[in-house]
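I opened a fresh page for this chain. My plan is to start with the whole fold and then look up single residues.

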Amino acid sequence: MSRFPVAVIRLLFSSFVFVMGRAVALPFMALYLNEHLGINPQMIGWVLGGSIFCSTLFSLYAGYLADRLSKNFLMKLAGIVVAVCTASLTIAPNAFAALLVLICIESALTLRSISLKAMLADLLPPEQRPKAFSLNYMLINVAFALGPLLGAWLFAIKISGPLWLAASFSLLASQVLGRQAMAATIATTASEAKPNPAGFKATMQVLRSDRRLILFTMGSVLTSFVFGRFVSGYLSQYLIIGQGTQATAQLLPFILITNAVTVVSLQYPVGKLMQQKNLFRWVSLGAMLYAVGLLGFMHASSVVGWVLATLIFTVGEVIVIPCEYMFIDMIAPADKRGSYYGAQSLAMFGAALNPVVCGYLLVHFHSDVMFWVLISASMLGVLMYFAGTRSKPVAKPLPEVDAGPEACAQQAGLSALAASKHFGSNRVKNLFPLS
């Protein structure tokens, strides 16, 4: 991290502080809603799931905002919104009010996450971005390893304690951000010639017309379906059905600790090794480790077996997460990075579908069917990435020319030649260095 500019270090530290607030309160949100509002578990599921669904839809517009407005300002605004809304949960009178507040919180979290990724891309050259994305993900996992311990202590004292501390962390993150990141971003972007930002409708048309973006996002949805809720989703469901609640409660801590330690230990070292030209090889390796880990879950019969399977699966997670961001970073135009990251955030739908689909499979089929479906999803995700690497960039329209017919023809010829050279030198298939 010492090789990063000061603005990037400060940006990553603010991200850690912000996520600490989320990690303090999020694990106890369901308990708080039950204790404070008396909401039953089914209604809690609708409230929590509905807020995530709405924030995922909002990610497209959040990306658009990140392209048009100051990313530094948006991150500070998101911190304030999260702080105010988290505090207001302590006086929410019913489930509907809690749902509205949580939608605001989750949407602000989405806006901040997209703005953070786009700002890191603005501040760093391409060769340093995998390290920054990996380090940010590692810090997120450190926060979620420490935050719940502090949250549990506060929850035992007062059930609203984690919410107040989470609000404080959100405000503190806005202060940590400071002005350095904004100044560095302005200095970086000032040297880049960017066109005036298009309207939201025009931006959505650009996103829909980029076949590579669609394929990479579909790949992210499939891989997110595999790892997005693997502990709190299908593994918990599988263990409860197969071994009972008591045995599941005894086994899950081993799985969680193994996952957290592996991510914290390996995320940054592995991220340093990643290069854009080898991204497809990396994501293929990650998907293969997913498959091996899932086979290990399928046949695990002891704590040691579950720990080894979790270790292999988590190494796949360590590899795939930064790869997903780097694929999008590779194809995103400088003036639409936020919108492209916003589109990639739709991958959260995969994580949202996981407990629903896996629960259905566990109830209606043999448990092995669920694991084979997950393995198939990881392999299909690799195929989506492969198809994306083989797709050509979207041709940009020729600039308008106000001169006469001969000048127009000459300008069109030069533009077409320049475009062909650009596409020839920047084809994303170079990410797949096997030919």
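**Entry 1: the whole chain.** I began with contacts between residues at least 6 apart in sequence, and 84% of them join residues at least 24 apart. I noted that this is a predicted model. Next I listed the secondary structure, which comes to 18 helices and 0 strands. Then I checked burial: 50% of the 435 residues in the chain are buried. I also looked up the accessible surface, which is about 19900 Å². Carbon and sulfur atoms hold 68% of that surface.

**Entry 2: salt bridges.** How many salt bridges does a search of the whole structure find? The search gives 2.

I took K71 and D122 as one pair, with their closest N and O atoms 3.0 Å apart. K71 is in helix α4 (residues 71-88) and D122 is in helix α5 (residues 95-123), so this pair ties together parts that are 51 residues apart in sequence. Are these two residues buried or exposed? K71 counts as buried because its relative accessible area is 12%, which is under the 20% cut-off. D122 is buried too, at 4% relative accessibility.

I then turned to D210 and R212. Their side chains meet in a salt bridge, 3.6 Å from N to O. Both residues are buried.

**Entry 3: a charge without a salt bridge.** I found D67 in helix α3 (residues 41-68). D67 is buried, yet it has no salt bridge. Which side chain of opposite charge is nearest to D67? It is K71, 5.3 Å away. A salt bridge needs the two atoms within 4 Å, so this distance does not qualify. I wrote beside this that K71 has a salt bridge with D122.

What does the side chain of D67 make a polar contact with? I found the side chain of S339, at 2.6 Å. I then listed the contacts of D67, leaving aside neighbours within four places in sequence. They are D335, K336, R337, G338 and S339.

**Entry 4: helix α15.** S339 made me look at helix α15, which covers residues 337-344. This helix is mostly covered, with 8 of its 8 residues buried. The buried residues include R337, G338 and S339, and D67 is in contact with these three. Q344 is also among the buried residues of α15.

**Entry 5: S220.** I followed Q344 to S220, which has its place in helix α10 (residues 211-227). Beyond its neighbours within four places in sequence, S220 is in contact with E324, Q344, A347 and Y385. S220 has a relative accessible area of 1%, so it is buried.

**Entry 6: S115.** I went back to helix α5, where S115 has its place. S115 counts as buried, at 0% relative accessibility. Which residues does S115 touch, not counting those up to four places away in sequence? I listed A66, K71, L74 and M75. K71 thus turns up again, as it also bridges to D122. I looked up one C-alpha distance as well: S115 and L65 are 8.8 Å apart in space and 50 residues apart in sequence.

**Entry 7: two distant pairs.** I placed G21 in helix α1 (residues 6-25). G21 is buried, with a relative accessible area of 1%. Its C-alpha atom is 9.3 Å from that of G151, and these two residues are 130 apart along the chain. Leaving aside neighbours within four places, G21 is in contact with A166 and F169.

I then looked up Q128. Its C-alpha atom and that of M274 are separated by 9.6 Å, with their places 146 residues apart along the chain. Q128 counts as buried at 17% relative accessibility, because the cut-off is 20%. Apart from neighbours within four places in sequence, Q128 is in contact with R3 and F4.

**Entry 8: a patch on the surface.** Last, I turned to the outside. Which residues make the nonpolar surface patch of about 340 Å²? They are Y360, F365, V369 and V373. I picked V373, which has its place in helix α17 (residues 367-389). V373 counts as partly exposed because its relative accessibility is 32%, and that class runs between 20% and 50%.

Methods: Residues are numbered from 1 along each chain as its sequence is written. This is a predicted model: local features need pLDDT of at least 70, side-chain atom pairs count only at pLDDT 80 or more; totals for chains, interfaces and linings use all residues. Side-chain values use heavy atoms; hydrogens and water are left out. Helices (H or I, at least four residues) and strands (E, at least two) are DSSP runs, numbered from the N terminus. Buried means under 20% relative accessible area, exposed over 50%, partly exposed in between (1.4 Å probe, protein chains only). Lys and Arg count as positive and Asp and Glu as negative; His and the chain ends are not counted. A polar contact is a pair of N or O atoms within 3.5 Å; within protein, one must be able to donate a hydrogen and the other to accept it, and residues adjacent in sequence count only if both atoms are side-chain atoms. Contact means heavy atoms within 4.5 Å. Patches are made of residues with over 30% relative accessible area and no salt bridge: like charges are joined within 9 Å, nonpolar side chains (Val, Leu, Ile, Met, Phe, Trp, Tyr) within 5 Å. Accessible areas come from the Shrake-Rupley method with a 1.4 Å probe; for residues, only the protein chains shown count as cover.
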